[in-house]
Amino acid sequence: MFDANDIKADFPILQSTMNGKPLVYLDSAASSQKPKQVIETLKQYYEYENANIHRGIYYLSQKATEKFEKTRIKISNFYNAQCAKAIIFTRGTTESINLVAQSWGRKNIQEGDEIVLSIAEHHSNLVPWQMLAKEKSAKLKFITLDDNFQYELSNLNELITERTKIVSVSQMSNVTGSIYEVDSIIKRAHEVGAKVMLDGAQGACHLPIHLKKLDVDFYAFSGHKMLGPTGIGILYGKEEILESMPPWMGGGDMIETVGLESSTYASLPAKLEAGTPNIAGVIGLSSALDYLTELGLANIHNHEMNLMDYTLEKIAEVPGITTYLSSNREQRSGVLSFNMEGIHPSDVGTVLDEEGIAIRVGHHCCQPFMKNYGIPGTCRASFYLYTTYEDIDIFVESLKKVHKLFSKFAKV
Ligand SMILES: Cc1ncc(COP(=O)(O)O)c(C=O)c1O
């Protein structure tokens, strides 16, 4: 049985207060909280196991190396990747996307080539491609959204053409929570010989993923959104593609031999992992994966969908709410963006903060999305495995307070 109340008990921070009220944490799309199991793993590592990896012949170093490399295998199995060598550790989704743009992109994108993104991308899947396009005089093209906050697929053949070299889009929106239909994008891109990268920052922590079946060329995600520590992320790439890419950073660990004038490089995955990595982050992420495995991503997703049904039912009692959400239940997740008529999102966020409720307000690093809908931003409540029905009740009651407070001002 999936019981969010039991799960919540594993998260020390969720037992705390904010502004004197019990903390209601509704900002998991920005970063998840960490269970005591992950915190304990980090403590254990720093207290008893800390050593650098891949270079010591002493026990501690070998033990740390073993834990580090076992996590690579665990991640590969968890996401059904091609092989463990195809899992590259980075600092997060942002770094993973930059790695592809700087290494694969610089080698393969030439003047006049086209890069296809969507208008709903997080800045981290937009700016690295803008930088590359500028450097190479390449062209950016954009998939739009339909009335249901889904990728508009009707003009895919005109958007993705023989000139397209890579398509990089999000698998799940951090603004609307839309689970995008990406299969036809991947199929079309491969038909014209283009590569596909999915930004899995939101997808990897909420949806069961089968990377081989998805047939995606690159997949990027972050550990901190899936119960793991900050500063650790993953780039998955098909082995033969990663193999063909030049290193993007030089330094220790990524070399085979080094001379004064030139060097030869290590094979995968070391070639793309220069310097001392975030060893504790990787080992902490391993513990996060154990936690998620025990519960199952499919059960977590199901819980979030039920919570969303409940939230939508309750929030209908609050006057003047506009939501930005798919009308198709199957395309929704645990992210709800909304605005309150006549009230700025920052004001909503400030009042909720006083009530002990953490939501995100603003453009959510998606300024082009906001511009497209002619809004300055939204309020965003986002759920995870530890979000309870009681949290939603407190949230909705507080929105009623916000409405009451601001309608009083409006009358003055
Ligand atoms: C869809 C999406 N892409 C990319 C990112 C960037 O992730 P990070 O800051 O962990 O690199 C985020 C973070 O919120 C996101 O939601």
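Helices, here runs of at least four residues, and strands, runs of at least two, are taken from DSSP and numbered from the N terminus. With that naming in hand, the end of one helix makes a convenient way into this predicted model. Helix H11 is followed by glycine 296, whose phi is positive, near 90°.

Helix H11 itself covers residues 279-295, 17 residues in total. From its first C-alpha to its last it reaches 25 Å, close to the 24 Å expected at 1.5 Å a residue. Of these 17 residues, 12 are buried, so H11 is largely enclosed by the rest of the structure. The buried residues include Ile279, Ala280, Gly281, Val282 and Ile283, and also Leu289 and Leu292. Among the elements that cover them are helix H2 (36-49), helix H3 (59-78), strand E4 (87-90) and helix H12 (297-315).

Helix H4 (residues 93-108) can be described along similar lines. Its 16 residues reach 21 Å from first C-alpha to last, close to the 22 Å expected at 1.5 Å a residue. Here 12 of the 16 residues are buried, so H4 too is largely enclosed by the rest of the structure. Polar and charged side chains appear in the buried set, which includes Thr93, Thr94, Glu95, Ser96 and Asn98; Trp104 and Gly105 are also buried. The cover over the buried residues of H4 includes E4, helix H5 (127-136), strand E8 (195-199), strand E9 (218-222) and strand E10 (233-237). Strand E4 is thus named in the cover of H11 and in that of H4.

At the level of the whole chain, the domain assignment gives domain 1 (4-26 + 296-411) and domain 2 (38-293). The C-alpha centres of the two domains lie 29 Å apart. Their contact takes 25 residues from domain 1 and 18 residues from domain 2. On the side of domain 1 that touches domain 2, at least two residues each come from H12, strand E14 (335-340), helix H14 (367-373) and strand E17 (378-382). H12 gives the largest share of that side, five residues. By type, the residues of this side of domain 1 divide into 11 nonpolar, 11 polar and three charged.

Strands E14 and E17 also belong to an open sheet of four strands, with the order E13-E14-E17-E16 and antiparallel pairing. Strand E13 (321-324) and strand E16 (360-362) stand at the edges with a single partner strand each, so one side of each has no neighbour in the sheet. Neighbouring strands of this sheet are turned by 30° against each other on average, direction ignored. Between E14 and E17, which run antiparallel, there are four bridges. Phenylalanine 338 has cysteine 379, in E17, as its bridge partner. Helix H13 (residues 345-354) lies across E14, E16 and E17, and runs at about 160° to E16.

Finally, the start of the chain offers a contact with a distant stretch of sequence. Isoleucine 7 lies in helix H1 (residues 4-8). This residue counts as buried because it has 20 C-beta neighbours inside 10 Å, and 20 or more is the cut-off for that class. Leaving aside neighbours within four places in sequence, isoleucine 7 is in contact with Leu385 and Tyr386. The C-alpha atoms of isoleucine 7 and leucine 385 are separated by 7.3 Å, although the two residues are 378 residues apart along the chain.

Methods: Residues numbered from 1 in each chain as written. Predicted model: local features only at pLDDT ≥ 70, side-chain atom pairs only at ≥ 80, totals over all residues. Expected span 1.5 Å × (residues − 1). Contact = placed C-beta atoms within 7 Å. Domains from an automatic or database assignment. Pairing = 2+ DSSP bridges. Axes fitted to C-alpha atoms, helices over the stretch in contact; angles between N-to-C directions.
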